[in-house]
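Visitor: Could you take me on a close look at the strands here, and the loops that link them? I am new to reading structures, so please go slowly.

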Amino acid sequence: MDALSCSFLSTFPTQSSTTAPKLKSLTISSVRIEDRPTTQTPPRTTPPQPKHTAKTTTPPPSYSSPPPTKPNPTTLPAAIFNLFDDFINTFVDPPIRPSVDPKHVLTGNFAPITELPPTECDVIHGSLPSCLDGAYIRNGPNPQYLPRGPYHLFEGDGMLHSVRVSQGRAVLCSRYVKTYKYTVERDAGFPLLPNVFSGFNGLTASATRGALSAARVASGMYNLANGIGNANTSLAFFGGKLYALGETDLPYAVRLTADGDVETVGRDDFDGKLFMSMTAHPKVDPDTGEAFAFRYGPVPPFLTYFRFDPAGAKQKDVPVFSMTSPSLLHDFAITKKYAVFADNQIGMKPMELIGGGSPVGLDASKVSRVGIIPKYAADDSEMRWFEVPGFNIMHAVNAWDEDDAVVMVAPNILSAEHTLERMELVHALIEKVMIDLKTGIVTRQPISTRNLDFAVINPAYQGKKNRFVYAAVGDPMPKISGVVKLDVSGCEHKESIVASRMYGEDCFGGEPFFVAREPGNPEAEEDDGYLVSYVHDEKTGESRFLVMDAMSSELDIVAAVKLPRRVPYGFHGLFVRESDLNKL
């Protein structure tokens, strides 16, 4: 490994920069305090020019975010509801457990930040490859208000962090996804709905928060018909549109402007054909341009499968009634012939509320299954289920057809009972599972003993047999200390890591994303491209955008971009090429 891991990046000289403005403490509300610059916000950039002279330096990180506009005056009913909300959060269901205590969850680089308009960045090492002509955008939770009650890491308003690259220059922009929930709560000046993952633990907490939410809805403060989602999980590009996604709501269309700003276009119901919600992990067939997706829920049908044609038109729903209990179906996979679902032991257990437990948890008596249905099925009559004991996944890496079998690669969560409560105790073991459709025999092969998740492939190999996987290293999860490259082509039970890049002491990143060097070249090698990711140095408080050579044995850093301020840890992202951005 060379000396370009995160700990050493600060030794590279930077170009000239202006002095950061001094900061003063400004009280925003009784809910939070925010450090805000006394001068104006960082300047917007203009479209790339051959040369530039001034750039901003990194200001101290801010740890909460005030409403971007002045909230409306609080009415008497709203004030009464807020008092009741404070009573629930203080006496009925205070955030006692560390997994839902915002003082514990929102620390360090998990803390929220304010929006950042397009701001130019310094390339402090190497040069940005010419094929990186577009934008890397990553989604993640960033609550606009510091929570007054329980808060889980999976919650919070979605914020998109975009690095737009053109002619070797980079521009960073961080913007909230302007969901209906975000906008209404911004205008109100306080949260209106409880958090989904953490707000309904126990019957009393659920009843009181449910009653409070119903009162706010009845008073006209919130319209449930407009959705409750945060769009904080991932992004997808299909049908000529770019979407910010969260599985509790419909997709939100977003776009990038010419100067690198991120704008929310609006909530998309696909001409009234999509309702309730959609997975945050749709799969796009690289050959046909079709997108495949699903939704899941606590009432039958627990799983509904559907697809979008290449133009983005939604096709009819296929309810899957053979799924007999609700599971936490976060992700799935496709092949050229099939869609593949994992019915795992992590499910919805509403009866646990009576005993004061969480409505989502592990069902130890359940046997995990994998369901396989033809991609173009008209109904669920052809869905087949295969028992795969102990196979509990949150993410799928890829799947493909192989003779009379279906092969799936995915991180299997060991000690799945800790998935929501104690993520630092979770170990994700990547497995290759082969299901023989003729005999029903299931064969499982561990790919690596390392704690790996947030794994990606060359997008051109989605649904096809691939060789290489790029996975994030948990240290432990949810912090990510590096990225590894795995060769999944073998059949031997041995360690499959063939390259790695660790970020260095106190440096942590996120999910990598693969960008092909020649995306239109069918003769190109599968790993001929680059891995991109945000990396944060917890010692200096600085964040970087790293570009790594995916073909090299140590995933060599070919470019490092110093960002004008920190980018919090988040979830999933993607790279959108300039030609596609221009269509938005």
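Guide: Happy to! Let's begin with a working term: a strand is a DSSP run of E with at least two residues, and strands are numbered from the N terminus. Please also keep in mind that this is a predicted model.

With that term in hand, find the loop between β27 (468–474) and β28 (480–487), which is where P476 lies. The peptide bond joining D475 and P476 is cis, with omega at about -20 degrees. Another cis peptide bond joins P300 and P301, and there omega is about -10 degrees. P301 also belongs to a loop, the one between β13 (291–296) and β14 (303–308).

Now let's settle on strand β10, and look at what surrounds it. Of the 5 residues in β10 (residues 252–256), 4 are buried, so the rest of the structure largely encloses this strand. How does β10 pair with β9? Strand β9 (residues 241–245) is joined to β10 in the antiparallel sense, over 3 bridges. Across this pairing, L242 stands opposite V254 of β10. The two strands make a hairpin, and 6 residues sit between them.

Moving along the chain, β10 also pairs with strand β11 (residues 262–267): the two run antiparallel and are joined by 5 bridges. One of the contacts to look for is L256, whose bridge partner in β11 is V262. This hairpin has 5 residues between its strands, and within it G260 takes a positive phi near 100 degrees.

Here is a general idea to carry with you: strands of a sheet pair through backbone hydrogen bonds, in either a parallel or an antiparallel way.

Keep following the chain past β11 and you enter the loop between β11 and β12 (283–284), where you meet D271. This residue has a positive phi of about 60 degrees, although it is not a glycine. Is D271 buried or exposed? D271 has a relative accessible area of 75%, and since exposed means over 50%, D271 counts as exposed.

Compare that with L555, in the loop between β33 (542–549) and β34 (557–562). L555 is not a glycine either, yet its phi is positive, at about 50 degrees. Its relative accessibility is 0%, so L555 counts as buried.

Buried residues turn up in strands as well. D343 is part of strand β17 (residues 338–343), and at 2% relative accessibility D343 counts as buried. Measuring from C-alpha to C-alpha, D343 and W385 are 9.0 Å apart in space, while 42 residues separate them in sequence.

Finally, let's see how several strands line up. An open sheet of 5 strands follows the order β3-β7-β6-β5-β35, with antiparallel pairing. At its edges stand β3 (116–120) and β35 (573–577); each has a single partner strand, so one side of each is left without a neighbour in the sheet. From one strand to the next, the twist averages 15 degrees. Inside this sheet, strand β5 (residues 134–141) and strand β6 (residues 158–166) pair antiparallel over 8 bridges. There, I137 has S162 in β6 as its bridge partner.

How values were computed
Residues are numbered from 1 along each chain as its sequence is written. This is a predicted model: local features need pLDDT of at least 70, side-chain atom pairs count only at pLDDT 80 or more; totals for chains, interfaces and linings use all residues. Side-chain values use heavy atoms; hydrogens and water are left out. Two strands pair if DSSP finds at least two bridges between them. Axes are lines fitted to C-alpha atoms, for helices over the stretch in contact, and angles run from 0 to 180 degrees between N-to-C directions. Buried means under 20% relative accessible area, exposed over 50%, partly exposed in between (1.4 Å probe, protein chains only).
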